[in-house]
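Ready to practise reading a protein model? Grab a pencil, open the viewer and try each task before you peek at the solution.

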Amino acid sequence: MSDEPKVPPEGSQAPAKPAPPATASAGPPKPVAPPPKPAPPAPKPVVKPEPWSNPLVDELQKKFPGALSDALIFRNQPSMTVATESLVALSEYLKSQEGGAYTFLTDETAVDYPKRPKRFEIIYQLYSFKLNHRLRLKVVAAEGEKVPSVARVWPTANWLEREVYDMFGIEYEGHPDLKRILLPDEWTGHPLRKDYDILKQDDAWVQANLHIKSGQ
């Protein structure tokens, strides 16, 4: 036998060398630290109403002493609380050219705060085409207290005040035709008051007119 090493035939691959034995691990792998948590977002600043300083406020206070309170501005929306007895006269002045020509009553509604002595806030949204400016008036009224109608100042108030009367039970003194506008005339209760449950209804009216026990 020849002692010469065997040469693999041309084109063939040499046999792979065995892998060296694995060395013993130095220990268990170190835990990977979790990524840092992102910082919480900064709290948004609280926007609160601020006193509204305006020549119109000064002029109204001169013409109607003691009639205005809480002249505030919130998110560029000015508002004023008006004494009930001064509402019509002040509204007529605001509608005039001298008062800013707030000729458009865009909306009139109410809010119910049952725990307050004067539980209702009646809200008037005014717009001046002349100034391209909006103004909010507020009047507060207790249960059973009548509020002067502004229908003769802004005719739009005719139907809007009927809706407030229907939904809240607020009566308007001097309104030309104060009656319900959404619910039947004989309906008992006013659905937008806070003490009127969302599922409440006039069962007697439903049974008498629809001839069923419940409309729910």
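Below are five exercises, each with a worked solution.

A quick note before you start: this is a predicted model, where local features need pLDDT of at least 70, side-chain atom pairs count only at pLDDT 80 or more, and totals for chains, interfaces and linings use all residues. Residues are numbered from 1 along each chain as its sequence is written, and side-chain values use heavy atoms, with hydrogens and water left out.

**Exercise 1.** Work out which side of helix 1 (residues 55-63) is buried and what covers it.

*Solution.* Helices (H or I, at least four residues) and strands (E, at least two) are DSSP runs, numbered from the N terminus. Buried means under 20% relative accessible area, exposed means over 50%, and partly exposed is in between (1.4 Å probe, protein chains only).

- Step 1: pick out the buried residues of helix 1, which are Leu56, Val57 and Leu60.
- Step 2: check their directions. They cover an arc of only 100° around the axis, so they sit on the same side of helix 1. (The arc is that of the directions from the helix axis to the C-beta atoms.) It helps to know that an α-helix has 3.6 residues a turn, so residues three or four places apart point the same way.
- Step 3: flip to the face turned away from the buried side, and you meet exposed Pro55 and Lys62.
- Step 4: look at the cover over the buried residues, which includes strand 2 (68-74), strand 3 (77-82), helix 2 (87-95) and strand 6 (133-141).

**Exercise 2.** Place Tyr93 and list its contacts from farther along the chain.

*Solution.* Contact means heavy atoms within 4.5 Å.

- Step 1: find Tyr93 in helix 2.
- Step 2: its relative accessibility is 10%, so Tyr93 counts as buried.
- Step 3: skip the neighbours within four places in sequence, and Tyr93 is in contact with Glu59, Leu60, Lys63, Phe64, Glu98 and Gly99.

**Exercise 3.** Test whether the length of helix 3 (residues 157-168) fits its residue count, then see what it packs against.

*Solution.* The expected span is 1.5 Å times one less than the number of residues.

- Step 1: for the 12 residues of helix 3 this gives 16 Å, and the end C-alpha atoms are 15 Å apart, which agrees.
- Step 2: list its buried residues, which include Leu160, Val164, Met167 and Phe168.
- Step 3: the buried residues of helix 3 pack against strand 4 (104-112), strand 5 (120-128), strand 7 (147-148) and strand 8 (172-173).
- Step 4: step just past helix 3, where Gly169 takes a positive phi of about 80°.

**Exercise 4.** Is Arg193 buried or exposed, and which residues does Arg193 touch?

*Solution.*

- Step 1: locate Arg193 in the loop between strand 8 and helix 4 (203-210).
- Step 2: with a relative accessible area of 14%, Arg193 is buried.
- Step 3: not counting residues up to four places away in sequence, Arg193 touches Asp112, Arg119, Phe120, Glu143, Met167, Phe168 and Gly169.

**Exercise 5.** Compare the settings of Asn76 and Asn132.

*Solution.*

- Step 1: Asn76 is in the loop between strand 2 and strand 3, while Asn132 is in the loop between strand 5 and strand 6.
- Step 2: phi is near 65° for Asn76, a positive value in a residue other than glycine. For Asn132, phi is near 50°, again positive in a non-glycine residue.
- Step 3: Asn76 has 72% relative accessibility, so it counts as exposed. Asn132 is exposed too, at 58% relative accessible area.
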